[in-house]
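Work through the exercises below with the sequence and the model in view, and try each task before reading its solution.

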Amino acid sequence: MVEKAGRGRGLLGVLRLRRRRGGGDGAAVDGGSARGRGLGLSSPFLLVAAALLVAGAFLGSWLALGGGWLLAYASRTLSRTEAKLAVFWLPGVSVAGGLVWLWGRMNGRWGELIPKDGMGPALQDTWPVVVRTAAVASALFLVWRSQRRRG
């Protein structure tokens with residue numbers, strides 16, 4: 001009897017068949033979760049992590065930044081590679097950019113030349129920008145990834 005229903009007989013059979021084939025609307029396939037097509041919330045968990053990162057960047061809160069990166073790393077929506085990209089690689093690129101900026105200033109290539117004893121103040125001026133850039137880059141990646149459908 002269940003086999004007959006699975007072949008498309010009756011409403012329940014049609015839903016089962018659609019679920020097996022991956023067709024139908026998002027709400028039927030996802031079992032009624034908040035991932036329906038009309039809501040636009042593919043992954044609220046990632047959006048909360050992104051909001052924490054943006055809030056931490058604008059408010060200067062280390063707790064919010066840490067919480068956002070921790071949520072991103074712990075997310076089941078992201079693959080391990082994507083989680084590492086959001087938490088380690090994008091901030092690492094930001095740090096590398098900050099180091100290149102300081103190197104260019106030390107060699108007089110751009111910006112104001114750093115005096116011989118001025119590396120401490122230059123680092124103090126640069127690191128907040130680097131951390132904020134890292135947080136915003138991670139948040140943008142998380143928002144983009146939260147809207148992408150898993151294939």
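**Exercise 1: accessibility in one helix**

Phe88 has a relative accessible area of 51% and is therefore exposed, where exposed means over 50%, buried under 20%, and partly exposed in between, with a 1.4 Å probe and protein chains only. The model is a predicted one, in which local features need pLDDT of at least 70 and side-chain atom pairs count only at pLDDT 80 or more, while totals for chains, interfaces and linings use all residues. Residues are numbered from 1 along each chain as its sequence is written, and side-chain values use heavy atoms, with hydrogens and water left out.

Task: determine whether Ala86 is buried or exposed, and list what Ala86 touches.

Solution. Begin with the location: Ala86 is placed in helix 6, and Phe88 lies in helix 6 as well, helices being DSSP runs of H or I with at least four residues, numbered from the N terminus. Next, the relative accessibility of Ala86 is 0%, so Ala86 counts as buried. Finally, leaving aside residues up to four places away in sequence, Ala86 touches Trp69, Pro91, Ser138, Phe141 and Leu142, a contact being heavy atoms within 4.5 Å.

**Exercise 2: the ring pair of Phe88**

Task: state how Tyr73 and Phe88 are arranged as an aromatic pair, and which helices they lie in.

Solution. Rings of Phe, Tyr and Trp (its six-membered ring) pair if their centres lie within 6.5 Å, and planes under 30 degrees apart count as stacked, over 60 as edge-to-face and the rest as tilted. The count by this rule is five aromatic pairs. In one of them, the rings of Trp62 and Trp127 are stacked, because their centres are 5.8 Å apart and their planes stand at 20°. This pair links distant parts of the chain, with Trp62 in helix 5 (residues 62-74) and Trp127 in helix 7 (residues 119-147), 65 residues apart. Tyr73 and Phe88, in turn, form an edge-to-face pair, at 5.7 Å centre to centre and 70° between the planes. Tyr73 lies in helix 5 and Phe88 in helix 6, so this pair ties together parts that are 15 residues apart in sequence.

**Exercise 3: a charge and a ring**

Task: find where the charged end of Arg80 sits.

Solution. The criterion requires NZ of Lys or CZ of Arg within 6 Å of the ring centre and within 35 degrees of the ring normal. The charged end of Arg80 sits over the ring of Tyr73, 5.1 Å from its centre. Tyr73 itself counts as partly exposed, because its relative accessibility is 32%.

Key: Helices (H or I, at least four residues) and strands (E, at least two) are DSSP runs, numbered from the N terminus.
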